[in-house]
Each structure stands twice: as C-alpha cells, then as structure tokens.
Amino acid sequence: MTNFTKEQDQAINDAGKDILVSASAGSGKTTVLVERVLKKILSGTPVSSLLIITFTKAAAREMKERIKQKISDQLEIEPDNQFLRSQLLDVDTANISTIDSFCLDVIRRFYYVIDLDPQFSVLTDETQAELLKERALREIEADYLEGDNQDFQDFYDNFSGDRDAEGARNLLLQLYNTATTEPNYEKFLDNLPTCYEVGDNLIRSNLWQQQIKPLLLKEISDLKAEVEALLAEPEINSSDLVKVKENYDIFSNRLDSFWESLNTDQPYNEIRANLMNCKFEKAVRKSKKWSDESIEVYQDSQDLKLDLNDQLKKIFASFFVVEEKEQIAVLQKSEKIVKTIVAAEKKLIQKFSQLKREQNLIDYSDMEQFAFSILTTDTSNAHIAQEYYQEKFNEILIDEYQDVNALQENIIKAIKKKGQNTLFMVGDVKQSIYGFRQARPDLFLSKYHTYGKDNDSEKIILADNFRSTKRVTKTVNDLFNPILTTNFGGIDYKKEGQLQFGASYYPSDLPTASEYIFTDKKQTQSAYEDQYGDEMDFSEVQMVIARIKQLKAENFQVWDRRTQLKRPLEYSDIAIITRTRSDNLQVMQEFAKADLPLFVTDAQNYFQTFELIMIMNYLRLIDNPQQDIPLVAVMRSPLFNFKEPELAQIRVKTPAGNFYTALTSFASVNSSLGKKCKEFLQQLETLRSFAATHRISELIWSIYEKTHLLEIVTGLPNGQQRRVNLESLYERATSYESAGFKGLYQFISFIERMRKNQKDLAQPLLSDKADNAVKLMTIHASKGLEFPIVFVMGLGHQYQTRDLSRNFTISQNELGLTIKEKIIVLIL
C-alpha cells in the first residue's frame, strides 16, 4: 500500500469544496488524481458522473489505463463487487478526455442549439486548416484592395515591406489565434483600440494613468532607492568624496523633481523637461591620495552613474522622444490603424467560418467557441444543455490547469454550479510553457492567491519531489530561487515554490551529481562556422558527446526503478534537452560522426532539411530565375554538381549583372562547362514552361522524375526519412491546390510563412535504433518524462526577446504597434 504524504492525502480525500492543488514537478500529481477518482468510485460515485480534463490525448489514455488498473486491483480484493465491475466497463466511455474532446461531445449532443448541421466533419489536418485560413485572408484582402479602401492600404503599408505584405498578414493571422481563445472575441477585438484613445491630453488618458505612469513610478522609485543607498554610505561624507556627494545630491534633487512631476500629473512636456534635466554635473576624477575605502566607494558611484544614465536613456527613448503634440498624433494614427485591423480581423474570422461551413467542417477553435455558445446562449435550449452537464457531473477534475486559456476557463465555469458540483484543479504555474498557445497562467495564480481564504475553497501544495536525487533537487532550487519572484513569474519561489526532496528510495551509494560544463566557445566554434554559421554552439555538442563516451567507458551505474537495482548505463537512459528543434540536424550529424546512436523524438525541423532546402530553391528558381542565391544553391546541389571553380569561371566571363545573366552567357561557350550550363538552362526552361500549364503538385513530381531527386536522397544517411519528407511536400502541394489556391509564387510564400511560424509537415523520424539511443528533444516535449541522465543545452543563451523587437505585439488584452514615421515611437 502506498504511503501518501499529508498533503497528498488531503488532495485525495478532501471534498465538499473547490480545491486547487499546486503540484511541483515529480510530486505524484497523476497518482493523486487517479487515487482521488478511485476513492470516489469506491464511495459509490459512478465514473460517468466525473468530468476529467487532461491536456493531451496521451494523458487521457494513460489516465484511463491507470484508473482501470486500480479498479482491477480492487476487484481482486472484492471479486463480488458488481458496481466495481460495471465501473471497469464504463471507464472507456467516461468523460476522461481533452477539453476539445469534451467540447465535441457537447456539440454532437446539442448541435441544434446553434443551428449546426449534425453531419459536420472535424478538420484535424492542421495544414488543411492553415490553407483554408490563408484562402480566407486572400479573399478579404482582395475585397479591401479592389474596393480601394485607403485605411486598409495604410494598415498594410505600415506593416509590410517593399516586396510583400507578409507583416500585415502575420499580424492578422496571429491576432486570429488570440481572439478565438476569448469567450467573446468581438468584445475582445472592440476593446483593442481603446488604449489608444487619448483625446488632447496624454496625461489624462487611460493609457498613461493605467499603464505608463505606474510603470515609470516603479522604475524611478527603484533608481531613487539606489541613489539613496549610495548616499547612505558613511564613506561618501569623507573629505575625499565631497564633489562626488555634491554631484549625487544635485542629481538626486533632479530625480525627485522628475518623480514628483510624474506623480502629480504635471503637463507632459514639463515631465519630459524634468527627465531631460536628470543628468550629472561635471565628472569627478579620483585621486591617488584617497584612501582605499574612498576609492572603492568612488568606483561604486561611477558604476551606479553609468547604470542610472543608461536606465534614464531607455525611459526617454521609450516614452519621451517627442513632445506631447507628436505623441498624440502617433497615438491617434495608431488608434485608426487598430480600428482597421479590428474590422479586417472580424471579416477574416467570418470568411474563414464561411469557408468551413461550406464544406461542413469545424476545427479545434470552433469546438470551444461552439461549445461555449451552446452552454451560455440565453435560450431555453441552451439552458437545457447547461443544466444537463451541471447535473451530470458530481466533480470536474482538471489536469495541467496552469495551461487553460480564457475560453476554456469560461466553458468550465458554465458547467460549474454551486451546491451541485465541485472543481478539483491540479497544476503548477512554474511549468506553464504554453503562453504561445494563449495559455493563461494568471488564472491559476488568481486562485492560488485567493483559495483557502473562505470555507468554499482550499489550496493544497504538493512540494515533495519523488523523481529526482537530492543533488538535482538542490540544483533546481539554487537556480530558480533568484529568478522566480512575485514580480517575475507570479510566485515567490524561495518562499513557497521550492522542491522538497522526497525520493528517499535511491541507494545512498548511487553516484549523483549536477555538473556545469564550461568551455571556450572560440576554440571549437571556428571549425564549424564556415559550414553552419554561428547560431549553433558546437562546442556544447562536442562536450556532450565526450561526456557520454566517458560515462560509457567508466561503466557508469544508474538506478533502475523497475527492478529496484543498479545497472550499467544504456544510451536510452540519456536525454538531451534543447530550447528549440532548429539545431536537430546539426546535432544528428555530430552524433553520427561520433558513432553514437541518437533518436530525435520530435519531428525534424522540416524546412531546414537538406532535401527541402534544395527543392524549395529549385521552385523559387522556376518562379523567377533572376535570383542569385537560389540559382547558385541549386547548381551546387547534388542535382547538378557544379563545383566552385566552375562557378568562378562563369562569373569571370561576365562580371557584371546577376548570375543568371552570366550563366546564360557562358552557355554559348564551346566547352564541357558551357555544355553543362546549356543543359541546366534547358531543363530549367522546360520546367518553367511546364509550370505555366500544370498544377504545382505535378511540377514537383516532374522535378523528382527529371532530377532523380528521390533516388539521390534515399542514398544519403537517413535516406528513407528524406524521401518521406519530399513526398510530404508533394502531398501538401496537392492539398494546397485542392483548397482552391493557384500559383507557384503564392505556394512558395505560404511555405515560407509556415517555416517562419515553425509549422511542421514532416512525419516523425524513422529509426531502427530508437530502443537504445540517446533521446534528443525540446523542453516542451520532455515535460513529464524521466531519464537517469539529462543534458540541458543552450543555458548560455539570453532570454528570448524576439517578440519585443517585432513591429507589433499581441498580449492578453492589448495590441501594441510600431508606427512608421520619420521618428519611430514605440508605445509599450
């Protein structure tokens, strides 16, 4: 019998109120969930009266299997218990599923509430959904542009480059993903322009009062505290540092004036002038005659001075570059553009919905939106639907609660009824890694900070980690103590989030360690930069490979939880965790050179594979041969095998113009290279003519046949996977045209957008060595898995700030823009 901790026992047995369980990594939350379900079944609650929501289908399957196993174990004790036998049969049909599957059940049962055709099909192919959405976008775009809508053109001009409109399109597509996870997307969209409403006084606007002012007051208060701390140093009053102190006293007064004008809502231009006045007087030089203590404080003052100047410059650049009149003009232009974006977004949602209805399709976002409408619409049929689920479920259990979005939260609220059922939510805000999918960890945090303060709710913290060794537990705590704070992450990790060691089953003589491996990047990197560029740190890969070989050579021992014995390390005991999949190909090549088995649990980054780069460059060339990079890339590929000296000869003959012009000129030369150029151009022209009269999919297959590309890649390492990737592109081209799209250029642009958005068309990697191979996976893919030895790569990288450098940002309730002007003003 399992010995549960006091907190686990509470989570299993407490009832009659809504419960939030904050379950740290390795704390046994799944076991607790299963035990709670079993407890309810044993007390007479049918499993059909429970709604159990998991984050993935795999988690739902595992949950069902574990519940069935627990019931089976209990039946061995009570073989005559007919109720238990019936529950064992009911588990497979019980509501143990993802939120999407539950929503689909709501729709299939109550489709008539929203006048939906019950014969609908579910659009499960993500690429097909993207294609339909792309078609909807193109159609509304055409309607606007053909109607000569100047506001729409201004919007596109602001976010698009000289050559294409991808910036504006990406904004609309990303805003779609956010809006459709809101319970009322129209209200959400209508609220977006409001933060830009400033009237004729910036200081009185909601934008300033609710967002900018509190932020600035906090930042300036922090700066004031740093200055006060320096002035509180006893040594600052020494005769050596008189001028330094005078300098800081003057600066402190100026900073106070800025803070006061900001706090009392003085006119914007006055606040701006006070900020511009926040500067130090003439620099003070140190003297060799000073005491060591004075020199130390002087150096501290200089370091602080640099930091203060840097922080104030950033504040000025963000909020005070121009005077109030120009700021208001920018905000008014922003408001106008956002209103245009909102109107276009609504049309995109409507058009996409129309295209799906025409084919009687619904996608995953429809499932949640439709279910929410069914459960909340103010009609008699909707009330029947809502009451049905409120009365059906005795308890609603939600796993990974930190990853629910606003719409899912409201669906749950719709079927929750006080006195009729209770909520049991399990999650860990420290493991919320799906913000890019519009997860709302703040919903978890809101309950975390309020539950347990009344008799209707309870908060339980499972901090014991039963997975990791004591050394690993300590390392994790040491790493996150200074990082996760109330202001950064919403929780005071040091006070209430630390892991507690609970895995006492490890033998005392088991070798354990947390290793920090450092190297001089320049020493290894230079050998690889010519081939791969400088984005990947190959010194890390080499260190991981060397350490794995060393562990194997040492016959390193690991603890096998299944046999409860120590045994020699196997390759399958090792996992390598990375931030992204973008470096998978290079890591695979290095492991192949080292003759170490590696299995990539994620699909490869499809668009970075050698074969896809090659075929996409050829398609670009067929669309427009006047492009040097795709042209030379195709010529150098195994398809044509032009060598660098040959390319140099071609360029030397015609130094001016693009490379296509030089190639055409060299084709007339009576030589073997001239003949090779001529044959290349003939095939290219044949394919260009073919492309003008045939489908894109037919063009791709024609390239495969004429160049023997499938055969070439099949002969390369991991050839079968490469062939599957090329066939996948052909299939997607077929889907693209079946969705009503035409044109090679548009297809190339669509694929490029998928690449930028990290959409993947590839199948999972094929491998005969997966059973005993090192596993390479992303942090997201590793969630919930266990390995005796884990390498975490890329910890030397800085925080990802790419989203902050784009020309738009979409947050929980806001759309931030960069407006193209002679002076670019970023409204944060």
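**Strand 7 and the packing of helices 8 and 14**

In the predicted model, strand 6 (residues 395–398) pairs with strand 7 in the parallel sense, and 4 bridges link the two. Within this pairing, I396 has L423 of strand 7 as its bridge partner. The connection between these strands runs from strand 6 through helix 17 (residues 406–415) to strand 7, forming a β-α-β crossover that is right-handed. Strand 7 is also paired with strand 1 (residues 18–23), again in the parallel sense and over 4 bridges. Here, L20 is positioned opposite M425 of strand 7.

The surroundings of strand 7 (residues 422–427) are reflected in its burial: 6 of its 6 residues are buried, and the strand is therefore largely enclosed by the rest of the structure. This covering extends to both faces of strand 7. On one side, T422, F424 and V426 are buried, while L423, M425 and G427 are buried on the other. Two of these residues also appear in the pairings described above, L423 as the partner of I396 and M425 opposite L20.

A separate element of the model is the contact between two helices. The axes of helix 8 (residues 166–179) and helix 14 (residues 324–358) come within 10 Å and cross at roughly 75°. Helix 8 and helix 14 are therefore roughly perpendicular to each other. Helix 8 contributes L171, L172, L175, Y176 and A179 to the contact, and helix 14 contributes I341, A344, E345, L348, I349, F352 and K356. By residue class, the contact of helix 8 with helix 14 comprises 10 nonpolar and 2 charged residues, with no polar ones.

Key
Residues numbered from 1 in each chain as written. Predicted model: local features only at pLDDT ≥ 70, side-chain atom pairs only at ≥ 80, totals over all residues. Heavy atoms only, no water. Axes fitted to C-alpha atoms, helices over the stretch in contact; angles between N-to-C directions. Parallel < 35°, antiparallel > 145°, perpendicular 65-115°, else oblique. Contact = heavy atoms within 4.5 Å. Nonpolar A, V, L, I, M, F, W, Y, C, P; charged D, E, K, R; others polar. Buried < 20%, exposed > 50% of the residue type's maximum accessible area, 1.4 Å probe, protein only. Pairing = 2+ DSSP bridges. Right-handed = clockwise from strand over helix to strand, strands pointing away.
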